Every structure is written in C-alpha cells, then in structure tokens.
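Here is the note you asked for on this model, arranged as numbered points. Each point can be checked with the coordinates open.

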Amino acid sequence: MSEAATTEHPTNTGISHNKLAMWVFLGSECLLFGALISTYLLYRNEFHTGPAPGDIFDIPFTSVSSFVLLMSSLTMVLALSALKRGDIRNNRLWLLTTALLGALFIGGQVYEFTSFVREGLGFTTSPFSSAFFTLTGFHGIHVSLGIVMLMSLLISSLRGNLKEKNSETVEIVGLYWHFVDVVWIFIFTVIYLVPNPTS
Amino acid sequence: MNTSETAVTTEAAHDDHDHPSDAKYIQIALLLGIITAAEVATYFVDIGVALIPVLMIMMVVKFFYVASWFMHLRFDSPLFTKFFVAGLILATTVYLVFLTVFEFWSKG
Amino acid sequence: MTDTAVETTRPIGVYTRPKGGGGWRDWVTTVDHKKIGILYGATALVFFVVGGCEALLIRLQLATPNGTILGADTYNQVFTMHGVTMIFLAAMPLAAAFGNYLIPLQIGARDVAFPRLNALSFWVFLAGAIFLNLSWVLGGAPDGGWFGYAPNSGIIYSPSVGMDFYAIGLQITGIASLVSAINLTVTILNMRAPGMTLFKMPVFTWMMLVVQLLLVFAMPVIAVALFLLIFSRQFGANFFNTEMGADPLLWQHLFWIFGHPEVYILILPSFGIISEVIPTFSRKPIFGYEFMVFSGIAIGFMGWGVWAHHMFASGIGPLSVAAFSLSTMFIAVPTGVKILNWLATMWGGKIKFTAAMLFAVGVISMFTIGGLSGVTHAMSPADTQQTDTYYVVAHFHYVIFGGIIFGLFSGFYFWWPKVFGHMLSEKLGKINFWVMLVGFNMTFGPMHTLGLQGMSRRIDTYSPGFGFELWNMVASIGSFIIATSVLIFVINVIVSAVKAKGQPHCGPDPWDARSLEWMTPNPTPEHNFDEVPVVESLDEFWHRKYGTDEEGRIVRVATAEEVCQDGSATGVHLPSPSYWPLVFSAGLPLVGLGLIFSLWLTIPGGIMMVGSLFAWVFEPVDDPDGPHGHHDDSEETATEEAPVV
Ligand code: HEM
Ligand SMILES: [Cu+2]
C-alpha cells in the first residue's frame, strides 16, 4: 500500500500535493470571506426598521466565544506536536479538546442567533440582518466542517490508524482550522468591536 | 515562484527540526489572549480617535501570529506564504476598491 | 475528508475498487486524465451544439421585423440559456478538456496530482450542466440574461423557477471549476519532469497555470454572489431589496469582479493553444517566450482591476468611471504584446497553412478586431452610447467566437492525431475554416452597424422602418453559414474516424512538433511515458530532433521515430478507477432540485453525497490487485493517488 506515497515521493517543489492543495484552497477562501465581509460592511447601516448592530451585539458574550475559538488553535497545534513526537495519547486528548472548544463556539453562535431572533432580528428583517446571518453562518459552517474532520481524525486514531507518519494529515486539518480561526479574528474586530451604528 | 530550480529537489521544505516547542506555542497563545483582552477593553474604555487604528493593529498582530506560528508559515515552504498572501492582498485590494466605489468611507 | 491517508491502511472488503473491464464501465469509473479530457471535450461539444441551436433560434426570430417564432418570454429564456451554455457549458469545459489531456503530457507526468478529484470535477460539471438544462422542462429556463442582474433576477421580476436553476446550476459547475483549478495548479507546480523548470514549460501550460490561478481566486466571488441570489429568492433575504435600502449594484460588482477575470479564463487557453500551433507551423521557436509568459501573467493580474468597465452606465460616479476607463486602456497593452509576438513568430518563418494554422491566424485577426472595438468601450462616453446595443454583442462575439472558438478549433485540428491516433482531413478542415470565417463575419460584422444604429440588445423583435432589416437578415444568413461550418467539422470527425478504421495509427510526429506530449506515441498509451524524459530545454522534443552543424545551420539529428517512445512499457503503476466521484456528483442536482421544489429531495441527494464521501475515504488508494511493480525509476513523477478532501 502506498498511502503515504505522496509525501515520500519528492515533488518538484519538495512539498506534498495535499498540503499545497490546502494552501491554494485557503488562498481561494480569502476571496470568499472577503466578499461576505464586504457585503456585510456595505449593509451595516441598512437596518431598516429592525434592530441595528449596535443595539443588539453582546460584546462580552462574543468576546468569550472568540477567546474559546482562539484557544482551540492552541490545542490544535498541541495535537499536532504530540503526534509528531509519537505521543498518541496526548494527540487524542488535544484533538478532542479542539473539537469540544469548536463545539462550544458553535453552541455560543446558536445561542447568539436565537437570542437575536427573539429580540426581533430575523434573517429577513433588513439588509443588515441578512448580511449578518449569512456572514457568520458561513463561518459557523466552516467551523462545523472542521469539527467533523477533527472527529474523523479522532475515530481513525481510536481505530489505531493515526500514527506519527500520518502527522501531515493532522497538519492539513490544522491549517484549515487555524484559517477559520484567523477569519474570526478579523470578523470579531471589524464586525463586533469597531463602533457600530445604533438605531 | 522560484521553487522550480530543478525538478527533483530533496525534501527541502520538510524541516521538522526547528519546529517550536509546546512551551513556545503556549507563550504565543498567552500573547494572543492578552491582545484579545486588550481588544475587548477598548469596548469599555474610551480611547478616542485612536480606537480604530489600535484595533486594526491588534487584529493584524493576532492574524500574523496565528498564520506564522500556528500555521507554520515561517518554517514552511515560501510557496505556501505566496499563495496565502496572494489571496489576502488580492482580496484586500479588490474589496477595498469595491467599498470605495460604493462611497463606503464617507457614509461611515 | 483529509484523513483518507489514515483510513486506507485497512482496505475494507466492500469498498474494493472497480476493475474497469472495458466498455462504458471504463468511462464512468475512469480517473485517467486523458479519458477525462475526452469526456470533457465530448460533453462540451454537445453543449456547444445546444447553445448553437439556441443562437439559431435567436437569429431566426430576428431575421425579419415582427418575428413570431419565439414569444418574448421564450426569447428571454433562449438568449439567457444561449449565453450561459456557451460560456459555462461549452467554452470553459472545452478549455478544461485541453488542459486535462495536455498538461500532464506537456510537463512529462503520468497523471494529475489528484486523479479521483479530477473525475469528480468532470462529473460535477456534467451534473450542473444537466441540472441547468432540466429547467426547460421543469417550469421554464433562466430568463434574466447570462449575468443575471439584480433586481431583475429577483422573485418579483422573474417569478418562474428559471433563475433558481441558474443560481444553483452555476454554483454546481463552479464547484467543478474550483476543484479542477486546485488540482491542475498542484499538478503543474509539483509534477514536472526532471529538468523542467517553470521557464521551460510550453506556453500552453503556462497560460493554463494562469487560468487555474484566476479560477482559484475568481470562483469564490461568484459563489458568494450566487449564494446571495439563492438566499434572496429562496429565503427572502434582502440583499437586493431596494425598499429596505439594499443596493442592487452589489450584484453587478460581485458578478463583474468574477466576470472580468472570467473573460481571461476563457481567452487564455486559446492564446496558449495558438502559441503552440504558430511556432510549429512557422518552423520557428516562439518569439519572445518570456514576454509571452509575462504578458499572460500581467493579463491575469490586471484583469482584477477593470471590472467596473461593465458598469459605466450604472451610475457608479464620475471618479470610478474615470479610474476604470484608464485601467481598461492599460490592459490592452499586454494583449498587444502577445499579438505582436505571434506575428513576429510567423515573420520570416516557413509557414505551412494547415487547418490548425488557419484557425490560429483566424484568432489573431478576428481577436484583434474584437480587441479594437473593446478599446472603444474603454472610453466611457463612447460606451454609454454602445452599451446594451448590438455593438456590444458584435464586440464580444469577435473576442469570444473569433478569439476563443477559433482557437479551440485550431487545437482540435492540431491535437486530434495525438488523442485519437488519426488525422482529421486537412481538406475538410480548410473548408471548415473558410466557411466559418465567412459565416462568422457575416453574422457579427453587421451587428456593429446595427448597434450604432441604435438596435438594443436583448429585444425579442423590432418594428420595420428603423433600417434594421437588411443587416439583421444578413446576420441571420451568416449564422446558418456558421452552423454549416460546424456541421462540416462533425462530418470531418466521422469521415476521418471511419477512414482510419483498420488502418495503422498515424506516425508519432505528424506535424514535426516541438513539445513533450509528442514524445509519446499517438494515441497516447494509458501510462503516457514509458520513461519519464529528462528535460534540458524549452521545446525539448524539437531539440532532440534537431541540432546545429559547424556553420550554425539547423540540421536534423534524429528522426521522430528515434526520439519518440514506443509506448510498450508494461506494469506501470497507475491510479485505480473509482465509482465515487460519479455517485457524489449525482447527488448534487438532487439537492438543487430539493431546494427549488421540495426539501425532501435533498435527503437522498445528501445521503448520496455524504455516503460517497465516506466510501471515497474508505476506498483503498489503489486496487491491491492492480498492476504493480515499478517499470522504471521515475518515482518522482509516478502518480500515486493523493487522497485529500
Ligand atoms: C452560431 C454562433 C452564434 C450566434 C449566431 C450568436 C448569436 C447571439 C445573439 C444574436 C445574441 C444576442 C441576443 C440578444 O441580446 O437578444 C447573443 C448573445 C450572447 N452570446 Fe452568442 N452567438 C453565437 C455564438 C456564441 C458563442 C460561441 C458564445 C460564447 C462562447 C456566445 C456567447 C454569448 C453571450 C454570453 C451572449 C449574451 C447573452 C445575454 O445577453 O445574456 N455566443 N448571441
Ligand atoms: Cu471586462
């Protein structure tokens, strides 16, 4: 079998196909989130008769979930570095922690969305609301996909299939995970912290 | 893209030796946490006109640390950095022009 | 997902990989870049004919004043689907066909970096194409124009399901483009034969690399635009709802931020093709290779800074108009560089006017006409007169048809022997060219006049007495002449295939060509290269055939037969076929239909997609029983399948 063949075969650039593909994909994702963020910025003042961003954002709450996501990046690198040392036990532990922190973040987002809806900000309330839910929803879907990948890694580890030599796979999932975190760093500042219009 | 000099180079990009230690990662996470705390503090403390520049600087610093350390860009093949930075710069300029055409900055 | 490599250490019985076994099974499970290229090409040609029939309907309707062949509503659907089909289902996949088939051969590789993902791209594209065309029978085709401007594309002005099919269908084909772009980018960067530095790559491969990068960065932008449209139509989002303060120009900007790079995505493959054809038939190396490459990169780069020239009449403000006017004029420069380089390549060469060469020269001349009328739009005062008239229709068909379609036909005639092992008839090919050239100019030349006379684009009919009658009739006759030329091509394909039956294959090097793909026999054997060549120069193949004597004259040093490989290697390790790309792709249109008609349908669609992803993950990387044993020492380019995503 040749499952690790791609990393063992020298390529022109000396880097593996998989990792390069992930980076090209992340470059592409910059344009995706850029478009969503710009759309949001364009409409942050267009809250029509509904709540304005400044009325409704709960900065302390979002700060906590931002912190949670940020720390999940730390646990992700720790998972990778454990695997690279051949420390399967800690690798599993950190993978699980990362997935749980991600789930905590998603839980926070679900809570945020429901409380917004209760306060009168539905998806169709205004251009602002549509843009807000679309942007943060897309980010949330990215985090959720990341959780699925982390869980798959964990399961294959439990089945004894995630060894030191597979660390590149973990690294690639990690790249995706950190990227999603980095996007949130941007969203947190530009969408939440920069002073928002109120109605 | 000068990564092509000759076809089969050795595993130049795979230098696992100088990967940072866990302690280093934790240090960086601490730094990121502190910056985040400072960011949140601006919500409670009025710093006047400095607010937006200060927020932007802190954001860029956090972004930079995650990308270069956690995503290993500083240890890995420059080709990765090129793709990522290309995406970032392209997105930033295109969408800044986009917002400018909408007269976003004067609308506030 | 990304953990495939982990899972595959333990192949599970149920997920053994298909063996092929000949016939249609080979085709639906193939992961061979050559077969996928042929599938792309054949499918795209079918859609080219479909889009062509739609064009003929348009021209029948407009041949005389007060035409009654199509009603206004049908007319809207027909011209929209004509544009969508030609661009997304014909021109782009034709470029993908050439890219898939030729890139690995031109860089000396055995396949692409991710063979299964490559199959996935094709099947997803096909799924999207079928999905789009299902709209004809499921409630009406899209009717908002190929660029679907808001709020015209919204539920109020376009209440049928047509624009839903448009938004979801293009989203599906977009996935195909993005996946394929990542795949080919990695292939080109990582899988070149020993010695092939970036600046020894053929110009075609270079242009395709630029195209893939444009796709990588442009597809997400239209993806967002289409999501906004889907959410607006399906879930009542307010992105284009002016009553609530939304700005419909948002769509136009997003669309054209994608759209202008898209025009280079369409044209650069054709530029690449003729950059291979012209040197071969001028018997000279390409003039200014570096200029050729850098101008291609420059075009790709500058293509991001001109999008608002499609919006001069949209009220974007004088400053923006001036800025984008200026940037548009600059982008003509690198294109001009290319044209001069092709002319300089031909200059003083021993030119052989084969069918491929005729089409290539056709590109240079017709594209130049289109480029010049394009520069007249760059001047915004002139453009406000021209926009939305037939002048624009004339302009973009000169670049799109004259620049792209002619180039693709040049490629057909040039590489047909490579792919199928026999030549197309040169005689019919030349007739094909001249008939197409005449028909093309008769159809689109008069549209300049019509436009300047004030005939609007996208009108389903016109009254007599405006002076539109003559030129419309000429254009309509011309369109049938174009149709005849395409028919001649089809006849050529059939006749040549019939004639070739039972005959030995054509020799290895029918054109005395220059690049690496011709070092393999015709048609290309399944494993491409017996021995991965070590590359020393640009035009490697040519340099192996020719040297210089003491006086510096070029002399033949080897025959093609001596240089070419004979394709006899056996036991070369090749990636195994797989069902899952097809199954995954078939789930997508179900999800799309579910979004439009009944969410229940998304369930089987979703199950198919998720299930096949898991099956994909659990599938052994290679068929354990498949041929193994490395024939040669070309480990560095062997194409182990790289399982990811
Ligand atoms: C037989 C050859 C062709 C004929 C006779 C033809 C004719 C036309 C006509 C008359 C229109 C204008 C419809 C209107 O505005 O009412 C049109 C639109 C268009 N054509 Fe073609 N065309 C041909 C080939 C192509 C090809 C090869 C492409 C692209 C690869 C193409 C792309 C388009 C596009 C994008 C539009 C704009 C559709 C829209 O307004 O939304 N056409 N064509
Ligand atoms: Cu343009």
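**Points on the predicted model**

1. Pro151(C) sits in the loop that connects α5 (115-134) and α6 of chain C, and the peptide bond leading into this residue from Ala150(C) is cis, with omega near 0 degrees. Please keep in mind throughout that this is a predicted model, and that the backbone geometry described here is therefore that of a prediction.

2. A second cis peptide bond joins Asn522(C) and Pro523(C), where omega is about -10 degrees. Pro523(C) belongs to the loop between α15 and α16 (540-545) of chain C, and that loop also holds Asp539(C). The phi of Asp539(C) is near 60 degrees, a positive value in a residue other than glycine, and this aspartate counts as buried because its relative accessible area is 15%, with the limit set at under 20%.

3. Arg283(C) likewise deserves a look, since its phi is positive, about 55 degrees, although the residue is not a glycine. Arg283(C) is placed in the loop between α8 and α9 of chain C and is partly exposed, with a relative accessible area of 33%.

4. Which residues coordinate the copper ion (ligand 2)? The donors are ND1 of His260(C), NE2 of His309(C) and NE2 of His310(C), at 1.7 to 2.0 Å, and along the chain they follow the spacing H-x48-H-H. Distant parts of the chain are linked in this way, for His260(C) lies in helix α8 of chain C while His310(C) lies in the loop between α9 (289-302) and α10 (318-346) of chain C, 50 residues apart. The surroundings of these two histidines can be described separately: His260(C) is buried, with a relative accessible area of 6%, whereas His310(C) is partly exposed, with a relative accessible area of 27%.

5. Around ligand 1 there are 25 residues, of which Tyr75(C), His82(C), Trp146(C), His397(C) and Arg458(C) come nearest. An N or O atom in the side chain of Tyr75(C) is 2.6 Å from an oxygen atom of the ligand, a backbone N or O atom of Trp146(C) lies 2.7 Å from an oxygen atom of ligand 1, and a polar side-chain atom of His397(C) is placed 2.8 Å from a nitrogen atom of ligand 1. Two or more residues of the shell are given by each of α3 (33-62), α4, α13 (390-420), α14 (426-453) and α15 (469-500) of chain C, and the largest share, seven residues, comes from α13(C). By class, the shell divides into 16 nonpolar, six polar and three charged residues.

6. How many cavities of 30 Å³ or more does a search of the whole structure find? The search gives 11, and the largest cavity holds about 250 Å³ of space. Its lining has 23 residues, with Met92(C), Pro93(C), Ala96(C), Ser177(C) and Leu215(C) closest to the centre. The elements that contribute two or more lining residues are α4 (72-106), α6 (162-190), α7 (203-235) and α8 (249-282) of chain C, and the lining comprises 18 nonpolar, five polar and no charged residues.

7. Chain A, finally, has seven helices and zero strands. Its C-alpha trace spans about 60 × 35 × 25 Å along the principal axes, and buried residues make up 70% of its 199 residues.

How values were computed: Residues are numbered from 1 along each chain as its sequence is written. Chains are lettered from A and ligands numbered from 1 in the order in which they are written. This is a predicted model: local features need pLDDT of at least 70, side-chain atom pairs count only at pLDDT 80 or more; totals for chains, interfaces and linings use all residues. Side-chain values use heavy atoms; hydrogens and water are left out. On a 1 Å grid over the protein atoms alone, a cavity is a set of points where a 1.4 Å probe fits but cannot get out, and a pocket is an open set with protein on both sides within 12 Å along at least five of seven lines; lining residues have an atom within 4 Å of a point. Grid points are joined across faces, edges and corners, and a volume is the space filled by probe spheres set on the points. Helices (H or I, at least four residues) and strands (E, at least two) are DSSP runs, numbered from the N terminus. Ala, Val, Leu, Ile, Met, Phe, Trp, Tyr, Cys and Pro count as nonpolar, Asp, Glu, Lys and Arg as charged, and the others, Gly among them, as polar. Donors are N, O and S atoms within 2.8 Å of the metal (3.2 Å for Na, K and Ca); water is not among the atoms, so sites may look incomplete. Buried means under 20% relative accessible area, exposed over 50%, partly exposed in between (1.4 Å probe, protein chains only). A residue is near a molecule or strand if one of its heavy atoms lies within 4 Å of it. A polar contact is a pair of N or O atoms within 3.5 Å; within protein, one must be able to donate a hydrogen and the other to accept it, and residues adjacent in sequence count only if both atoms are side-chain atoms.
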